[in-house]
Amino acid sequence: MSIQDAIAKASAKPAGKRPYSFTPEVERVLAITLAVSAELAVTRQRLDTVERLLAAKGVVAQDEIDNFVPSETDHAERGLWNQEYVARIFRIIQQEAEAVEAAVANERSSEELHEELETEKA
């Protein structure tokens with residue numbers, strides 16, 4: 001299995017109930033922490049690559065990067081990226097909320113239960 005296949009498989013949504021080795025709360029914090037750590041590691045590696053390439057080609061100096069002031073468009077694009085990032089980080093909480101919503105959607109209302117009991121009595 002290639003590393004790309006392993007990464008794709010690891011990010012797939014699991015089928016069935018999520019197994020927990022610790023308490024659900026600890027698992028949630030651990031999943032979030034690991035997601036943030038992975039994102040940070042990839043970002044740092046890519047940023048280092050870009051900065052080294054730019055410096056090697058004489059395109060931009062380190063002080064220009066350090067003193068960069070983003071435009072309004074830059075801010076808007078970064079804001080969208082931040083929202084997507086937070087969604088990835090808190091994916092475990094979203095999946096758990098979806099599971100609860102699905103379970104609630106499958107539950108019968110008290111009126112339905114009452115009608116069923118009345119039908120059984122008759």
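Here are some worked exercises on the predicted model shown above.

Before starting, note that this is a predicted model, in which local features need pLDDT of at least 70, side-chain atom pairs count only at pLDDT 80 or more, and totals for chains, interfaces and linings use all residues. Residues are numbered from 1 along each chain as its sequence is written, and side-chain values use heavy atoms, with hydrogens and water left out.

**Exercise 1. Describe the secondary structure of the protein chain.**

Step one: apply the rule that helices (H or I, at least four residues) and strands (E, at least two) are DSSP runs, numbered from the N terminus.
Step two: count them, which gives six helices and zero strands.
Step three: read the order from the N terminus, α-α-α-α-α-α.
To finish, look at burial (buried is under 20% relative accessible area, exposed over 50%, partly exposed in between, with a 1.4 Å probe and protein chains only). Buried residues account for 7% of the 122 residues in the chain.

**Exercise 2. Find the salt bridges and place each partner.**

Step one: a salt bridge needs a side-chain nitrogen of Lys or Arg within 4 Å of a carboxyl oxygen of Asp or Glu. By this rule there are three.

Step two: take R28 and E96, whose side chains meet at 2.6 Å, N to O. This pair links distant parts of the chain, with R28 in helix 2 and E96 in helix 5 (residues 91-106), 68 residues apart. R28 is partly exposed at 24% relative accessible area, whereas E96 is buried at 18%.

Step three: move on to E39 and R88, which form a salt bridge at 2.8 Å, N to O. Here too distant parts of the chain are linked: E39 lies in helix 2 and R88 in helix 4, 49 residues apart. E39 is partly exposed at 21%, and R88 is partly exposed at 36%.

Step four: finish with D48 and R52, whose closest N and O atoms are 2.7 Å apart. Both residues sit in helix 2, four residues apart, or about one turn of the helix. D48 is partly exposed at 34% relative accessibility, while R52 is exposed at 56%.

**Exercise 3. Explain why the pair W81 and Y85 is stacked.**

Step one: rings of Phe, Tyr and Trp (its six-membered ring) pair if their centres lie within 6.5 Å; planes under 30 degrees apart count as stacked, over 60 as edge-to-face and the rest as tilted. The structure holds one such aromatic pair.

Step two: the ring centres of W81 and Y85 are 4.8 Å apart and the planes lie at 15 degrees, so the pair is stacked.

Step three: place the pair in helix 4 (residues 72-89), where W81 and Y85 are four residues apart and therefore separated by about one helical turn. W81 is partly exposed at 39% relative accessibility, but Y85 is buried at 18%.

**Exercise 4. Relate A38 to I89 in sequence and in space.**

Step one: locate A38, which is in helix 2. At 44% relative accessibility, A38 is partly exposed.

Step two: compare the separations. A38 and I89 are 51 residues apart in sequence and 9.9 Å apart in space, C-alpha to C-alpha.
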